[in-house]
Amino acid sequence: MASSRPSDHFDSPAPDKAINQPKLGVIGYLRFFWRQLTSMRTALFLLLLLAFAAVPGSLVPQVTSDPNGVIQYKAANPGLSKVLDFFQIFDTYSSIWFSAIYLLLFISLIGCVVPRTKHHLESLRTKPPKTPARLERLTGFTSTVAEPLEADEVQDAVASAHKLLKRSGYRTRLFTQSGPADGATAMSVSAERGYLRETGNLVFHGALVGILIAVGFGSGFSYTGQKVIVEGQSFTNVLGNYDSFNPGRFFSDSELVPYSIQLDKFTAKYEETNIKAYGQPIDYTADVTTDVPGGEGKSTQTIKVNSPLRIGGTDAYLLGNGYAPWITVRDGEGNVAFSQPVAFLPQDANLTSVGVVKVPDALPEQLGLQGFFYPTVCDTTVCTGALTSVHPDLLDPTLTLQVYTGNLGLDKGVPTSAFALNTDKLTEVAGTKAATPSLLLKVGDTVDLPNGLGSVTFDSVKRFISLDVHHDPTQLWVLGFAVLVLAGLLTGLFVPRRRVWVKAVETEDGVRFEYAGLARGEDPGLEAAIADIAKKHSQHLGLKLSR
Amino acid sequence: MTGQLITLSLVAIWSAMAVYALAFIAFTIDLARRTAPASEDVVVRSAAADSALSYETMTEGSSSSGRGSTAVLERTAARVDGTLRSSKWTRIAMAFTVIAWILHVGGTVLRGLAAGRVPWANMFEFSLTATAIVVGVFLAVQFWQDLKFLGAYVVAFALLLLGLATVNFYVDVIPLPPALQSYWLVIHVFVASLGTGFFALGAGLSIAQLLQAGGSKRLKFLGTLPSAVTLENMAYRLIVVGFVFWTFTLIAGAIWAEHAWGRYWGWDTKEVWTFIIWVIFAGYIHARATRGWRGSRSASLAIIGFAAVIFNFTIVNLFFKGLHAYSGISM
C-alpha cells in the first residue's frame, strides 16, 4: 500500500491506543445497557429475531401439539434428533432461547412504555403550546385575504375559531402575542387533539404484557384431562377417574368439582348422498346428563365439536369418538369372567379400530385379547390379505381377536395402559402364530376358545366419546387483554395526533387570518383537515382565502 | 342442480382468468408505454403528497398559496401529461379487470351456492375468495388513490393463484367436517383474506418503492410513478389496515380454536406462521419509527411479510402437518 502513497507523504503520529471515552462505572454500564435494551432499534431487532426463532418449531413436530409425531421423527432421524433435542427444538416455544428472546422483548417493551406513560400523563395535563411566530413554515398553511377589521371584530373572529376547534374535539388555548418583527399584536388559538392516539398505543403494549402475564398464570393453575366414556357409562370429575391428566404447577386435587357426566347417546352422521364425500363425517352429537353437586339436580345437555360443555368451572370438549364392542368372556369353568363394552381406538377415517381386553378373573389361566374392530368390514371378494374397514358407519360390524394366556401382570401394582397388552410373556393360543387362527365374530356370535379355555361372545356395539376436560382460570383474562390489544391498535394507528393554529395577523392592508398545523406522528389527513378548518372559518367570517 | 351450479361456477372462473389475462397484457403495455415527462430527473409528487414533504418543499413564495402542494404545481402538470399518454391502455386494462372481477366474484358466489355455505372451506375455494378480495381491494382503493400502476402486479398475482387453484387445488363440493361447522369460519377466514388483500397491495407498493429508490434508468415507467417517499407512505397506510385485520384474525382464530380444539393457542404450524407474519408486520410498523430503518429497509420487511403470507397459504397448507388440514387435498 505504501507504494501508492505520494512521495512526499509522511506518517502522522500513531493515534492513542485507547479511544478517548468517558469512564463508565457499574451504574454507568447498567444505565448504558438499559438504554440499549429499551431503544427502538433493539426492540425491532428482538421482534425480527422472535419471528425468525419461531420458524424451526413449525418444521419439526412439537411435543405439546404432536407428541406422536415427535416419537416418529426421533425414530426416523436418531442422529439429528440428538442435536435437535440439545437445542430443545421439539419444545421450541418453551425452550430457554425462545423464552429468552420474548422475555427480553417484553422487558424492552416495558422499559419503553413506562417512561412514555409518565410522559403521556404529563402531556394530558399540559395545555397546548404557544402559537409559533411563523405559521407559513408549517403544514397546510392557508390564509385569508387581508381585510380592514375593527378590534372587536377580530376578537369575535378568533373566538369563533376557538369555538370551531373546540367543537371538533380540540383542546384549545387563546394567545395574544406580539408579531415577529413589526411589534404588532396577534391574537391566536392554539389547539391540539388526538391524545387518544398515544393512549391507544400504550394500551396496546400494556395489554400485550397483560396477555403474557395471564398466560403465565394460566399455565400454572390450569389442568387438562382426558376421559373415554362409553354410552350408558358416566364420569365423575375426580383425579382417579381420568385416563390421563396434565396438571399445572400449582394444581391441587381440591380444585376439582366432583360433577358427573353420563353419556346417554352418541350420534355420528356420515354423508350418504354425495358420492364424492361418501362416508365423511358431517355431525357428531353427544347427549349427556350432568349433575353438579350443589346444583339444580340432573340436567340433559348436548356436546358438539364446536360447542363444548361448560361445567363446574371446566370446559368439556368432544375431541374424539369411536366404537366399543360389548364383549363377554366365559372362562374354562363356564363362569362369566368379563362382560362389558370395550373402547377400541380408531386408526383411520373409516374407523378401523384396535382394542385390548384383559380378563384377570378367568380360570384356570388369565386371558388377554387384542384385535381389530371394523364397523363395515371390506368384502372378502374385494380385499385380499389384511381386513380393513371401508365405511365408518355400522353396516357390517366385525371383530377379530387374537387370544393369549398367561400372567397379565395386573396384580403387581404397576399402572398399565388399558389400551395396550404386553404379549412378551404371554402364550398365543389363537392368532397368526398359533395353531388356531384369530377369532372372527359378527354381532351375536359366540366362538369357543381352543384347549377348552372358554368362549368369547360379541354381544353388541356401543359408541364411546373421548372428552377433554380443561380448566384455565385466566382464559377470559387473555380474551379481555386481546380485545384491549385490538382496541389499542385501532386508536393508536388511526386517531391522528395534531396541532392546529388559527392566528389573526395585523398587516398594512388590514387583518389576515392564518391557518396551519403540525403532525405528531403519522397523519396523512392533516392538510385536508387544515383546509377544512380554514374554509369553514373564512366562510363564517365572509372572508376570501387567498390563492 | 348442484352439478350445474358447479359447472357454471367453473365456467365463470375460467372466463375470468381469460379476461384477467387480457387485463394483464393491457396493463403491461401501459407500463411499457409509460415514459416520464421531459425532465426525467424530476421527482414527481402527487398533489396529495404527504404533509412532511410539502412542508420541506414549501418556500416563502408559495406561502400565499391555498394548498401546500402548489410548490410542485408544474411537476404535477407534467405528471398529468405523462399519465395522459398511457391513459388509453390504462382504461382498457381497468375495464378488463372490472369485467374479470365481476365474473370472478360471480363464479365464487355460484360455488358458495352450490355448496350451500361460504365459498372458503378448502384451499380451492379459499383461493377463489382470497384473489377476488385482493382484486376487490385493488379496485376499491382506486377511489382513494390512483394505484393503477399496480394493476399488472395485482392481476398477475390473481391469475397465477387462480390457475394454481383450478388446476392443482381443485376439489369437489363436499360437506363441512364437524370442526369447520362454526360461524367463525365465516368471520375468521374472511377477515384473514381481507388482511391478505391489503398486505398484497402494500407489498406491491413497497416493490415499486424499492424500484423507485433504486433509480433504474431502464424502467421508464418509474418516471410516471409517485416518489419513493409517497409510495412508502401509501404502502404504510394500506399495511396498517392489513395489520389490524391480521390481529383480528389471530384473536378470532384463538377463540374458534378454544371452541373446536379445546385450547386457544397450541403452536399448531398454521398458528405459528400466522404469529410469525404478525410479528414481521409489527416489526415493519416499528421500523417506520426507527432511525435508519425508514425507507428501503422497512419496504423489504413489508415484502418479506407478504412472502410469509404466501408461504403460509401454500407451503404450510400443503406440506406442514397440523390441525389446519382443510386443504381438501391428500398428498
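The exercises below walk through helices, aromatic rings and one loop residue of a structure that is a predicted model.

**Exercise 1. State how many helices and strands chain B has, and what share of its residues is buried.**

Solution. Begin with the elements: chain B has nine helices and zero strands, and read from the N terminus on they run α-α-α-α-α-α-α-α-α. Turn next to burial, where buried residues make up 61% of the 331 residues in chain B. Finally, consider the contacts in chain B between residues at least 6 apart in sequence, of which 81% join residues at least 24 apart.

**Exercise 2. Classify the aromatic pair of B:Trp120 and B:Phe190, and explain which parts of chain B the pair ties together.**

Solution. The structure holds 39 aromatic pairs over all chains. In the one formed by B:Trp120 and B:Phe190, the ring centres are 5.5 Å apart and the planes make an angle of 35°. Planes under 30 degrees apart would count as stacked and those over 60 as edge-to-face, so the pair is tilted. As for its place, B:Trp120 lies in the loop between helix H3 (73-115) and helix H4 (123-141) of chain B, while B:Phe190 lies in helix H6 (residues 183-214), so the pair ties together parts that are 70 residues apart in sequence. The two partners can also be described by accessibility: B:Trp120 counts as buried at 11%, whereas B:Phe190, at 32%, is partly exposed.

**Exercise 3. Do the same for B:Phe199 and B:Trp246, and say whether these residues are buried or exposed.**

Solution. The pair of B:Phe199 and B:Trp246 is tilted, with 5.7 Å from centre to centre and 55° between the planes. Because B:Phe199 lies in helix H6 and B:Trp246 in helix H7 (residues 228-261) of chain B, the pair ties together parts that are 47 residues apart in sequence. Both B:Phe199 and B:Trp246 are buried.

**Exercise 4. Describe how H4(B) and H6(B) pack, and then how H7(B) and H8(B) cross.**

Solution. Two packed helices are described by the angle between their axes and the distance between the axes. For H4(B) and H6(B) the angle is about 50° and the axes are 8 Å apart, and these helices are therefore oblique to each other. Their crossing is right-handed, and the residues that meet include B:Phe126 and B:Ile133 in H4(B) and B:Phe190 and B:Leu194 in H6(B).

For the second pair, the axes of H7(B) and helix H8 (residues 269-287) come within 10 Å and cross at roughly 150°. Angles over 145 degrees count as roughly antiparallel, and H7(B) and H8(B) are therefore roughly antiparallel to each other. The crossing of H7(B) and H8(B) is left-handed, and among the residues that meet are B:Trp246 in H7(B) and B:Phe275 in H8(B).

**Exercise 5. Find a ring cluster with members from chain A and chain B.**

Solution. From chain A take A:Tyr93, A:Trp97, A:Phe98 and A:Tyr102, and from chain B take B:Trp265, B:Trp267 and B:Phe275; ring pairs link these residues into a cluster.

**Exercise 6. Locate B:Trp144 and name the residues that it touches.**

Solution. B:Trp144 is placed in the loop between H4 and helix H5 (151-168) of chain B, and it counts as partly exposed at 34% relative accessibility. Leaving aside residues up to four places away in sequence, B:Trp144 touches B:Met234, B:Arg237 and B:Leu238. By contrast, B:Trp144 and B:Asn168 are 24 residues apart in sequence and 36 Å apart in space, C-alpha to C-alpha.

Methods: Residues are numbered from 1 along each chain as its sequence is written. Chains are lettered from A and ligands numbered from 1 in the order in which they are written. This is a predicted model: local features need pLDDT of at least 70, side-chain atom pairs count only at pLDDT 80 or more; totals for chains, interfaces and linings use all residues. Side-chain values use heavy atoms; hydrogens and water are left out. Rings of Phe, Tyr and Trp (its six-membered ring) pair if their centres lie within 6.5 Å; planes under 30 degrees apart count as stacked, over 60 as edge-to-face and the rest as tilted. Helices (H or I, at least four residues) and strands (E, at least two) are DSSP runs, numbered from the N terminus. Buried means under 20% relative accessible area, exposed over 50%, partly exposed in between (1.4 Å probe, protein chains only). Axes are lines fitted to C-alpha atoms, for helices over the stretch in contact, and angles run from 0 to 180 degrees between N-to-C directions. Angles under 35 degrees count as roughly parallel, over 145 as roughly antiparallel, 65 to 115 as roughly perpendicular and the rest as oblique. A crossing is left-handed if the near helix is turned anticlockwise from the far one by less than a right angle, and right-handed if clockwise. Contact means heavy atoms within 4.5 Å.
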